[in-house]
Amino acid sequence: MASRKAHCLLHLPKEGGVYFLDTLAEKLASDAGADLIRLDAQDLAEIGGDYLGDSTQKTPSDISPFELRSLGYDTQAQITETLDDAYAEEEEEAEDMSSEVYEEDEDAYTRGTRPPMVPGVYEAGVSLNTSEIGDAVRRLLGQSVLGAVVLNSSGRGSGMPVDVTNERKMALLLDSMISAGEIKRHKRSPPEETADSIEPPRVGKTLIHVRDYREIERTNSGQVVLKTLHNLVAARRQAGEQILILGTSSAEEEMETYSKTGIRALQTRSDDSFERTIVVPPRLEYLDSIVFEVERDSRVREVNIRHLRDVIRRRSGVECVNLIIPEDWHRGSHDPEVPGIAENIWNFDYVHRIASVALGRLESGTSLTISDVCDAIELIERSDTVKYEWAAKEYQRVKAKEETPDETAKDAAKDKLAKISKTATKHEKGLLSGVIDPASIKSGFSSIRAAPETIDAMKTLTTLSLIRPDAFKYGVLSSDRIPGVLLYGPPGTGKTLLAKAVAKESGATVLEVDGASITDMYVGESEKNVKAIFSLAKKLSPCVIFIDEADAVFGSRHSHTNRSSHRETINQFLKEWADMTSTAFIMVATNRPFDLDDAILRRLPRRILLDLPTPEDRLEILKLHLAEEILDADVDLKDIADNTPLYSGSDCKNLAVGAALNCVRDEIKEFEVSRKYPEKRVIRKKHFDAALKEISPSISDDMGTLTQIRKFDEKYGERAGHKKKVKSWGFELGQGHAQHRTESRVRMD
């Protein structure tokens with residue numbers, strides 16, 4: 001167990017700590033007199049990806065060329081996800097870490113500020129950068145690793161068969177990387193005269209520094225690569241070599257990490273791991289310094305520019321275009337600054353886009369500069385700006401269209417109706433003329449002057465059965481519901497208007513049915529028409545079946561004893577009504593509710609009276625219809641409303657229309673004299689006076705219909721059984737009689 005955990009992982013859980021850990025690794029190698037070989041995800045992706053090739057085919061191997069190519073992006077994605085998790089978590093318990101004493105003396109390496117990077121040779125060993133590792137690997141493999149998949153028999157991997165798995169190829173590649181330090185030292189030694197005098201490379205101490213170790217370990221291909229590396233190092237250690245893997249990581253963990261328990265957890269690795277973790281904090285006076293922010297930006301620049309350089313090299317093909325990067329450019333000390341390169345890690349799609357634009361703009365030569373990259377990004381941003389502006393305008397256009405969806409809704413309704421008509425039966429097609437799209441209905445609840453309790457009742461009923469069909473899938477409503485509503489009252493009180501307003505407000509299609517749509521001279525056809533009403537309503541769902549003048553269709557069967565077809569029609573309607581499973585809502589309107597069949601009344605437990613309007617209602621109705629008209633100062637709408645006691649809502653509308661027509665007639669007469677029409681008509685009192693003489697109320701107080709409606713309301717209406725008894729003397733001479741004479745309504749209270 002102890003020999004297995006011979007390696008070390010230095011962890012500074014702070015973003016921007018990569019270079020701090022780099023310096024620490026360099027000092028450790030210098031103090032130990034060891035060669036330092038530094039690897040990171042970008043190195044493995046570039047060198048290993050070139051060696052394994054660009055195949056995207058699935059293989060049984062744990063290492064695929066495609067996944068290895070994306071190792072750099074996957075590793076940085078791990079860092080980003082860790083940061084997002086860390087920022088999202090809130091620390092539940094704050095612990096004082098100022099008195100924390102670590103058992104290990106890791107602080108010995110952090111007593112000074114980070115010195116500048118020292119490339120090249122250390123006094124006690126050799127330091128290799130990426131290009132030098134690549135050169136050494138190529139020499140050991142005896143060929144160019146760019147796109148190579150066949151190995152020669154030279155180097156440490158001699159005797160390797162041509163048909164090898166990706167794991168064995170990666171083992172050979174990593175073994176060659178480990179030997180790169182020896183090759184570099186041998187290359188710098190003085191050449192000898194004869195081949196016999198060439199001594200083998202001196203095998204010294206080797207420190208393999210793996211950047212972002214923990215992040216690489218969290219990727220699929222990275223985990224396999226690290227395991228392979230550990231196996232190779234273990235074999236060399238058994239052969240007597242002094243070699244060690246030093247991993248570093250600056251991944252920020254969850255907020256719980258920044259506590260005594262969290263630090264101990266970080267330093268505790270599983271028993272099957274190859275290394276021991278040591279948390280390496282910076283000096284306390286540097287905790288609030290901007291050094292780590294600067295280092296973070298530098299690291300982001302380095303990763304992005306390396307990804308870009310690699311994609312440019314691979315995208316250029318045989319021309320092998322190179323991106324020229326000044327030394328230490330990622331430190332931000334050189335102009336120009338590439339837009340957005342230090343903000344975050346670019347994803348592959350964006351890097352590929354920049355590379356493609358930069359290569360496309362390259363007219364000649366085999367090299368690109370930072371300025372070329374800036375020009376490519378500027379062109380991409382200009383292109384995106386045009387797209388964003390178009391998208392914003394298109395969004396506003398679509399949003400405005402959605403806010404006024406009448407035309408779109410009408411088109412959708414036409415398409416839906418066209419599809420239904422193609423599959424409709426003969427009897428359903430006969431009913432299509434009564435289909436009304438809610439978008440074509442102009443009047444809503446705001447256009448109706450009715451009692452507030454009437455509007456609330458209609459909203460409740462339609463909301464429950466049309467807008468919330470899911471509420472009827474459980475409980476008592478899954479088996480029983482209020483199937484419809486009866487609207488009754490004197491003529492012209494807005495029963496039809498209210499039914500259409502319900503459909504408009506709920507967005508339901510209206511299927512308007514009358515007696516002519518159902519009754520047929522041939523035996524059995526009327527029943528088929530009734531069945532078609534419900535089948536068509538199911539296709540139009542959500543739908544309001546509106547049956548106007550229902551007394552002509554649902555008249556009492558006792559008064560039609562000689563018409564068996566009438567009884568069969570009602571029986572069929574009752575059967576379909578009972579079996580109805582769609583979200584259709586049935587509204588029945590009539591001026592003669594007392595003529596309806598008892599079974600129909602039982603199916604309509606909600607019976608809403610639309611009574612004659614009060615003086616206040618008539619005033620509001622007149623204002624509603626005359627809203628866009630200019631009235632003369634001598635017009636008193638309140639006086640007109642008070643002196644029209646028997647006028648229904650329809651009568652008030654006709655009164656307003658009649659006054660406007662009288663005004664137009666007078667304008668025509670004036671035109672014969674002045675030869676000029678006014679810009680807008682002005683309705684005067686004389687026009688209303690003339691209209692009152694021309695338009696009389698639809699009903700009178702002594703009509704038998706009004707009396708019968710009053711009796712029906714007392715027996716079956718919503719206030720049935722709650723009628724107040726009025727004291728009277730003789731022939732109904734008593735209190736309230738004067739009101740009865742001036743304001744005749746179904747309900748006098």
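A search of the whole structure, which is a predicted model, finds four cavities of 30 Å³ or more, a cavity being a set of points, on a 1 Å grid over the protein atoms alone, where a 1.4 Å probe fits but cannot get out. The largest cavity holds about 70 Å³ of space, where a volume is the space filled by probe spheres set on the grid points, which are joined across faces, edges and corners. Rolling a probe the size of a water molecule over the atoms shows where empty space is left.

The lining of the largest cavity consists of Gln 42, Ala 45, Glu 46, Arg 69, Gly 72, Tyr 73, Arg 306, His 307, Asp 310 and Arg 314, lining residues being those with an atom within 4 Å of a point. At least two of the lining residues come from each of α2 (41-52), α4 (71-88) and α11 (291-315), and α11 gives the most, with four residues. Helices (H or I, at least four residues) and strands (E, at least two) are DSSP runs numbered from the N terminus. By character, the lining divides into two nonpolar, three polar and five charged residues, with Ala, Val, Leu, Ile, Met, Phe, Trp, Tyr, Cys and Pro counted as nonpolar, Asp, Glu, Lys and Arg as charged, and the others, Gly among them, as polar. Because domain 1 (1-88 + 203-282) and domain 2 (299-403) both give residues to this lining, the largest cavity lies between them; the domain bounds come from an automatic or database domain assignment.

Helix α20 (residues 564-578) has 15 residues and reaches 21 Å from its first C-alpha to its last, close to the 21 Å expected at 1.5 Å a residue, a span reckoned as 1.5 Å times one less than the number of residues. Its buried residues (under 20% relative accessible area, 1.4 Å probe, protein chains only) are His 566, Thr 569, Ile 570, Gln 572, Phe 573, Leu 574, Glu 576 and Trp 577. These buried residues of α20 pack against α18 (515-518), α19 (525-539), β12 (543-547), β13 (585-590) and α21 (598-603).

Ser 446 is found in the loop between β9 (435-436) and α16 (452-467), and Ser 446 is exposed (over 50%), with a relative accessible area of 67%. Ser 446 and Leu 624 are 178 residues apart in sequence and 9.7 Å apart in space, C-alpha to C-alpha.

The protein chain has 27 helices and 18 strands, and 45% of its 749 residues count as buried.

Residues are numbered from 1 along each chain as its sequence is written. Local features need pLDDT of at least 70 and side-chain atom pairs count only at pLDDT 80 or more, while totals for chains, interfaces and linings use all residues, and side-chain values use heavy atoms, with hydrogens and water left out.

Methods
On a 1 Å grid over the protein atoms alone, a cavity is a set of points where a 1.4 Å probe fits but cannot get out, and a pocket is an open set with protein on both sides within 12 Å along at least five of seven lines; lining residues have an atom within 4 Å of a point. Contact means heavy atoms within 4.5 Å.
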